[in-house]
Amino acid sequence: MTIMDLGFLGTAVERAGPWASVWIDATYDTPDAEHRRELTARGSRERLGSLGADQRTREAVYETLAAPPRAGVSGRKAGRYVLATHGDIVADLALAGPPARSGETWSALPRLTPLLDGLADDLPCLVAHVDRTGADLELRDGRSHPLGTVDGAATPVHRTGRGTWDERHHDLAAENAWEQNAREIARHIEDAWQDSGAQLLLLAGGARERHTVRENLPAAIAERTAETDHGGRAPGSGTGLLERDLAAARASYERESTDRDVERYQAGGTPSASDLETLVEAAREHRIDTLLIHPRGGALAHEVWVGTGPDQLAVRSNELKSLGASDPQSARADDALLRSAAANGARVVTVPDPGQAPPGGLGALLRWSEEPTPAGSLS
């Protein structure tokens, strides 16, 4: 199960297409890697041409794919996703692994469903490397983005372990300083959490330090917090083991969060939608909180109609014209709903088990139900 964050699209969802979407196996770990990249880039350019893509966009895609991928991709099993329009590269993303099948599309909307599994390892996670004197913060979303250092102002922080009056006084001062530094670290974590868009916090360091910091965090962050003994501030704290624990924390969070969403959807107590017409209407009205997708569901490829804006989508073309779209374009239902999710901040969750998935592979938890018009009122 995967929770997908579409924030990387930014304002691209507002741009008019058509769009070139390319997803490929980028495992270039052999001596002939450069030659293989060239062949792949050339093939994608030719296939986009056969689909009707303009020359500027085809060449932009070719030049991007022929160049080495960004750091951290080459030399391991990996995939790559490129999105382009009107000669501009809008996204060039490393995927967690090669796609089951490479492909290219030239369509009214970006083809986003191939990203559902590929971005699983990129769930934004705030990592805090803590000790008694402060913390180093970083955001991990496929890359590492340093977010600064917290230097605790209070001293001393180390206990003596002895029992004389002087030592007890020193130990009490150390405990107070420790608590004060933990509160300062927690305050910086809260600020970084709000600014970074992180969905998970990993506290790395000693057990006592982690516990004290976690106690000072707001409940909403503490409940999304995992801990590890590895990757503290001291030299040689076990970076490899930290990576393992980070991957495990992400997988556990995604599994538990998705299970809760599926249970809420199946229980029926939360406003939800399952048929395509209701989903499209809810997307248009910004009512979708969580979009649930089974990647091989039959409804994903159903035809809908879209305009240039993410709120311009409808099941029928004449309905879309009444919404102000002068030139309705045919699109896949999953592309239209994913574009809407990106524009309106909805979560996207894949449900690979067809027994748990919504009918046809598309469903949603809604922010609110549509209120029926009171009898006798004017509309």
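## Two strands side by side

Strand 2, residues 19–25, pairs with strand 3, residues 79–85, in the antiparallel sense, and six bridges connect the two. Keep in mind as you look around that this is a predicted model. At one point along this pair, Asp25 of strand 2 stands opposite Gly79 in strand 3.

These two strands belong to an open sheet of four strands, in the order 4-3-2-5, with antiparallel pairing. Its edges are strand 4 (88–95) and strand 5 (103–107), each of which pairs on one side only. On average, neighbouring strands in this sheet are turned by 10° against each other, direction ignored.

## Helices across the sheet

Now add two helices to the picture. Helix 1, made of residues 33–51, lies across strand 2 and strand 5, and runs at about 35° to strand 5. Helix 2, residues 55–66, lies across strand 2, strand 3, strand 4 and strand 5, and runs at about 155° to strand 3.

## A five-stranded sheet

Further along the chain you can find an open sheet of five strands in the order 8-7-6-9-10, this one with mixed pairing. Strand 8 (144–151) and strand 10 (225–228) are its edge strands, each pairing on one side only. Here the average turn between neighbouring strands is 20°, again with direction ignored.

Within this sheet, strand 7 (residues 134–140) meets strand 8 in an antiparallel pairing of seven bridges. Look for Asp136, which stands opposite Thr149 in strand 8.

## The protein as a whole

Let us step back. The protein has ten helices and 17 strands. It contains 379 residues, and 46% of them are buried. Among the contacts with a separation of 6 or more, 71% are between residues 24 or more positions apart.

## Nonpolar cores

In soluble globular proteins, nonpolar side chains tend to be buried together. Which members of the largest nonpolar core here touch the most other members? They are Tyr81, Ile288, Leu291, Ile293, Leu337 and Leu362, out of 36 residues in that core. Leaving aside residues up to four places away in sequence, Tyr81 touches Ser21, Val22 and Trp23, then Ala91, Asp92, Leu93 and Leu95, and also Pro110, Arg111, Leu112 and Leu115. There is also a second, separate core of 20 residues, and its members include Ala135, Ala182, Leu203 and Ala222.

## Cavities inside

How many cavities of 30 Å³ or more are there? The count is three, and the largest holds about 60 Å³ of space. Its lining is made up of Ala283, His286, Arg287, Ile288, Leu291, Leu337, Ser340, Ala341, Asn344 and Ala346. Ile288, Leu291 and Leu337 may ring a bell: these three are also among the core residues that touch the most other members.

Strand 12 (288–293) and helix 10 (333–344) are the elements that give two or more residues to this lining. Helix 10 provides the largest share, with four residues.

## Helix 8 and what follows

Helix 8 covers residues 276–284, and Leu276, Leu279, Val280, Ala282, Ala283 and Arg284 in it are buried. One of these, Ala283, also helps line the largest cavity.

Just after helix 8 comes His286, with a positive phi of about 60°, although His286 is not a glycine. His286 sits in the loop between helix 8 and strand 12. Is His286 buried, partly exposed or exposed? Its relative accessible area is 32%, so His286 is partly exposed.

## Spots to look at in the loops

His86 is another residue, not a glycine, with a positive phi, this time near 50°. You will find His86 in the loop between strand 3 and strand 4. Its relative accessibility is 37%, so His86 counts as partly exposed.

Next, go to the loop between strand 1 (2–4) and strand 2, where Pro18 has its place. A cis peptide bond joins Gly17 to Pro18, with omega at about 5°.

Last, visit Arg296, in the loop between strand 12 and strand 13 (303–306). Why does Arg296 count as exposed? Exposed means a relative accessible area over 50%, and Arg296 has 63%. Although Arg296 and Gly361 are 65 residues apart along the chain, a distance of 6.9 Å separates their C-alpha atoms.

Conventions. Residues are numbered from 1 along each chain as its sequence is written. This is a predicted model: local features need pLDDT of at least 70, side-chain atom pairs count only at pLDDT 80 or more; totals for chains, interfaces and linings use all residues. Side-chain values use heavy atoms; hydrogens and water are left out. Two strands pair if DSSP finds at least two bridges between them. Axes are lines fitted to C-alpha atoms, for helices over the stretch in contact, and angles run from 0 to 180 degrees between N-to-C directions. Contact means heavy atoms within 4.5 Å. A nonpolar core is a set of buried Ala, Val, Leu, Ile, Met, Phe, Trp, Tyr and Cys residues joined through side-chain atoms within 4.5 Å. Buried means under 20% relative accessible area, exposed over 50%, partly exposed in between (1.4 Å probe, protein chains only). On a 1 Å grid over the protein atoms alone, a cavity is a set of points where a 1.4 Å probe fits but cannot get out, and a pocket is an open set with protein on both sides within 12 Å along at least five of seven lines; lining residues have an atom within 4 Å of a point. Grid points are joined across faces, edges and corners, and a volume is the space filled by probe spheres set on the points.
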